[in-house]
There are 2 protein chains.
Amino acid sequence: MKKILGTSLLLLSIAAFSQSKEDSIQFSNISTEILNNGKAYTELKDLTKNIGHRLSGSQGYEKSVQWSAQKLREAGADKVWLQEVIVPLWERGKESLHIRTSGGSWKSLKMLSLGNSEGTGGKDVSGEIIMVRSLEEYEKLHAENVKDKIIFFNYPFSQSYVETFRGYGDAAIYRATAASLTAKKGGKFAIIRSLSSAFDDVPHTGSMRYEESITKIPAVAIGNTTADELEKLLRSQKVTAKLNSNCGMKGEKPTHSVIGEIAGKKDRNVIVVGGHLDSWDVGEGAHDDGAGIVQSIEVLRTFKKLGIPNNHTIRVVCFANEENGVKGGIQYGKTVKENGEKHLFAIESDAGGFTPRGISLEMDDNKRNQIKSWAGLFFPYGVYHFERRHSGTDLYPLHDMGVPAAGLVPDSQRYFDIHHTEEDTFEKVNRRELLLGAVVMTQLIYMIDKNW
Amino acid sequence: MKKILGTSLLLLSIAAFSQSKEDSIQFSNISTEILNNGKAYTELKDLTKNIGHRLSGSQGYEKSVQWSAQKLREAGADKVWLQEVIVPLWERGKESLHIRTSGGSWKSLKMLSLGNSEGTGGKDVSGEIIMVRSLEEYEKLHAENVKDKIIFFNYPFSQSYVETFRGYGDAAIYRATAASLTAKKGGKFAIIRSLSSAFDDVPHTGSMRYEESITKIPAVAIGNTTADELEKLLRSQKVTAKLNSNCGMKGEKPTHSVIGEIAGKKDRNVIVVGGHLDSWDVGEGAHDDGAGIVQSIEVLRTFKKLGIPNNHTIRVVCFANEENGVKGGIQYGKTVKENGEKHLFAIESDAGGFTPRGISLEMDDNKRNQIKSWAGLFFPYGVYHFERRHSGTDLYPLHDMGVPAAGLVPDSQRYFDIHHTEEDTFEKVNRRELLLGAVVMTQLIYMIDKNW
């Protein structure tokens, strides 16, 4: 008995070893294929340079819908379709912000209205600037000291966190709430210091929201060096600001998420890999999130090219409208529910096309521990942490339905230098870094397809 | 007895826990200080923009000697001195490479002579180009087919390795040996495809060497796209190349490594942290190795600023002449031996100012295992691998004397896009990535100073 047990254990370990050996070889094949023949980088160049930025509802977005459907077909998808999504239509239009000290002349400041913000309707709106450094400081201001004033929320992006997403999370409340907070006390508009890890003068846009039944006053962002200069000026004198902007919500519009898949050989249960196709209306939406789109298409292409036999359906979703509404993610989740499609797993890449370091896991402990047990396979590819963390904004409707969700976690050091700015361009993306993200997503989907 | 033992174990674990807690707090203090107040980035801007590249023996190098001595004083070194080093003096001068097909006119190619290479003495040297793709292919060529020809070693940098240093190591033999191999069979000069991970037209220089008693013929590098075009051309027709260059060795010259230290409070045993001050004569030597220099100075500054009590002497060494002779490292080792100075540990940063991922360890297993046992402290700073690997070129004389040596291992994806080129400029360095390297070196030296 003892001997038989020993032999069985030996056979089992040999099986486990050759299993792991086979996976290790497949990991290597995937990596070699993508690093040498991957198309994500040249496709990102095409998307960013020939289409450019693509806010929901814009012409650029519509072009990118056709473009990604075509790329999915070229990558070898069995089936490609568009999923209708009704998106909010926000437009920027012309905008300018000027300041002057008493007796001085107007000086133009580099700025961006925050996304979703209403403008001044093309009229000049001006008032004295009151600076606060934090929400606590703002809370202490009496309404009479805010009335008809411009509130400058000068809260700095913390450099102290090693993971820059924590600095972003810490400061994000200012972008979200500055306008409504200012309006509640009768202020005319809000200026925020950009959510930026860089020491430069680039303003960062991004979504803000209005509290219900609060007057919708404008909110704009200025870059870090402009914020520093304004702070210095305010120390010694009164400063008046004048805003003129045309931005605002222009209703809704139907558009599409783009979906392509290769059907499962064993069943039609679905594994989703995606990113969001829309971007803010400045720069080229290269890291945010052109990267996630071209990486997801690369996953599908690699399965076809290497002939990896997929048990389940592997589906690429290019989500519409992540930036200002998540209507694409919500519509996708709704459709999955209506059609009763079983989803095994979903992963999104929406943290930039930088070298991967980990995979964030939103799922039960059993599933998470199983993925963690594969860590040794991922280690040679620079992926070493598998933590319970936010997966991807577009995936929350799926996650809410119980679908295990994950996110690619790339190195975060450079992301918030360029996030939501004119500087988020193709030139900021490195070929190998981008491709390695696609490598890791393909490897993970290979393991999940095989084992779940 | 059992109770006493139990209590002792409990007290011991409490001691170990509070020890580790204390270290974890110190790690956090170091990180917060450097990420917020670190000067490495602005100092690198000063070094690269106001001095620029600094090949051994050049005016730029001499300026950088004075500059780094000054920066070490400003950082709080107790003592700063220059260590004389005799370095080879290589100069580039004017250079050009042209090609033509029969009946065609001369076309200029972007190129760089390899470092240490002799030139043509300002005369045109021309001949037919013969392309080989590997050393094996070259070995098969008969001498009569090489005689008076130009050999083009078109060996590509492998994209397949995840760590780009492996691709570099794989291709480096071509840069080192192309000239001597060509000379042995009577060829006129050698052209190599650059050791470059980028898909661009930037030529990469770097050191080559001549075998003794072989004629010193020139060797030059061309960028990847030029190499591809030349290959295409050679498929259908004969191509003649013409080189005219003035480079060559111009004897030797005395210069200096720069050293600064804070004396140990307990003893004067030495912990070295360093980088190399020289660079190639193109670009600005920003990643290679201005980064290592400013990071090393940051380590010293941080010890002083935070008042971390150093048991042992912490010494910054800005090594002369890593690129084409390692005379600085050799002289440093020699002086240590002559003075009988006990060295506990040495670390070099010479792999670029990118986000750190690991620490390479060249030392006995006991020491390596002790450092590995600190992995949990480093994990939150993105450092997760501690492998037996090359530490730093300047450290080999110390390592040969038995000094435990280490190297900072940053993310390697972008390094060989710009290594030894016009593109190795300040703009390619990210502030947070650079500073995090200094954080990790300071943390490691804090642990070693405390425990060794």
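Hi everyone. Let me start with a term: a salt bridge here is a side-chain nitrogen of Lys or Arg within 4 Å of a carboxyl oxygen of Asp or Glu. Arg414(A) and Glu433(B) meet that rule, with their closest N and O atoms 2.9 Å apart. Please keep in mind that what you see above is a predicted model.

That pair sits between two chains, and the count of salt bridges between chain B and chain A is 2. The elements giving two or more residues to the side of chain B that touches chain A are helix 1 (2-37), strand 14 (356-362), strand 15 (385-387) and helix 14 (431-451) of chain B. By class, that side of chain B has 10 nonpolar, 12 polar and 8 charged residues.

How many residues of chain B are in contact with chain A? There are 30, and they touch 30 residues of chain A. Together the two chains bury about 2500 Å², and 50% of that is on carbon and sulfur atoms. Across the interface, 22 residue pairs are in polar contact, both partners being at pLDDT 80 or more.

Now for the symmetry. A turn of 180° with a shift of 0.0 Å along the axis lays chain B on chain A, at an RMSD of 0.0 Å. That is the relation of a two-fold axis. Which residue of chain B comes closest to the rotation axis? It is Tyr384(B), whose C-alpha is at 3.8 Å. And 100% of the interface residues of chain B are also interface residues in chain A, so the copies meet through the same surface.

Let's move on to salt bridges in general. Over all chains, the count comes to 55. I picked three inside single chains.

One is Glu261(A) with Arg315(A), at 2.8 Å between the closest N and O atoms. Glu261(A) lies in strand 10 (residues 248-262) of chain A and Arg315(A) in strand 12 (residues 313-319) of chain A, so the pair ties together parts 54 residues apart in sequence. Both Glu261(A) and Arg315(A) are buried.

Another is Arg368(A) with Asp365(A), whose closest N and O atoms are 2.5 Å apart. Both lie in helix 10 (residues 365-372) of chain A, 3 residues apart, about one turn of the helix. Are these two buried or exposed? Arg368(A) is buried, at a relative accessible area of 7%, while Asp365(A) is partly exposed, at 40%.

Then there is Lys49(B) with Glu427(B), at 2.9 Å between the closest N and O atoms. This pair links distant parts of the chain: Lys49(B) is in helix 2 (residues 40-51) of chain B, and Glu427(B) is in the loop between helix 13 (415-418) and helix 14 of chain B, 378 residues away. Lys49(B) counts as partly exposed at 36% relative accessibility, and Glu427(B) is exposed at 54%. Salt bridges that share partners also join Arg414(A), Glu433(A), Arg414(B) and Glu433(B) into one network.

Two more stops in chain B. Helix 8 (residues 286-306) is mostly covered, with 18 of its 21 residues buried. Just after helix 8, Gly307(B) takes a positive phi of about 65°.

Finally, where is Lys216(B)? Look in the loop between strand 7 (189-193) and strand 8 (219-222) of chain B. Lys216(B) counts as exposed, at 52% relative accessibility. Leaving aside neighbours within four places in sequence, Lys216(B) is in contact with Glu118(B) and Tyr210(B). Thanks for listening!

How values were computed. Residues numbered from 1 in each chain as written. Chains lettered and ligands numbered in written order. Predicted model: local features only at pLDDT ≥ 70, side-chain atom pairs only at ≥ 80, totals over all residues. Heavy atoms only, no water. Contact = heavy atoms within 4.5 Å. Buried area = accessible area lost by both parts, 1.4 Å probe. Polar contact = N/O pair within 3.5 Å; in protein donor to acceptor, adjacent residues only side chain to side chain. Helix = DSSP H or I, 4+ residues; strand = E, 2+ residues; numbered from the N terminus. Nonpolar A, V, L, I, M, F, W, Y, C, P; charged D, E, K, R; others polar. Buried < 20%, exposed > 50% of the residue type's maximum accessible area, 1.4 Å probe, protein only. Least-squares fit on C-alpha atoms with pLDDT ≥ 70 in both.
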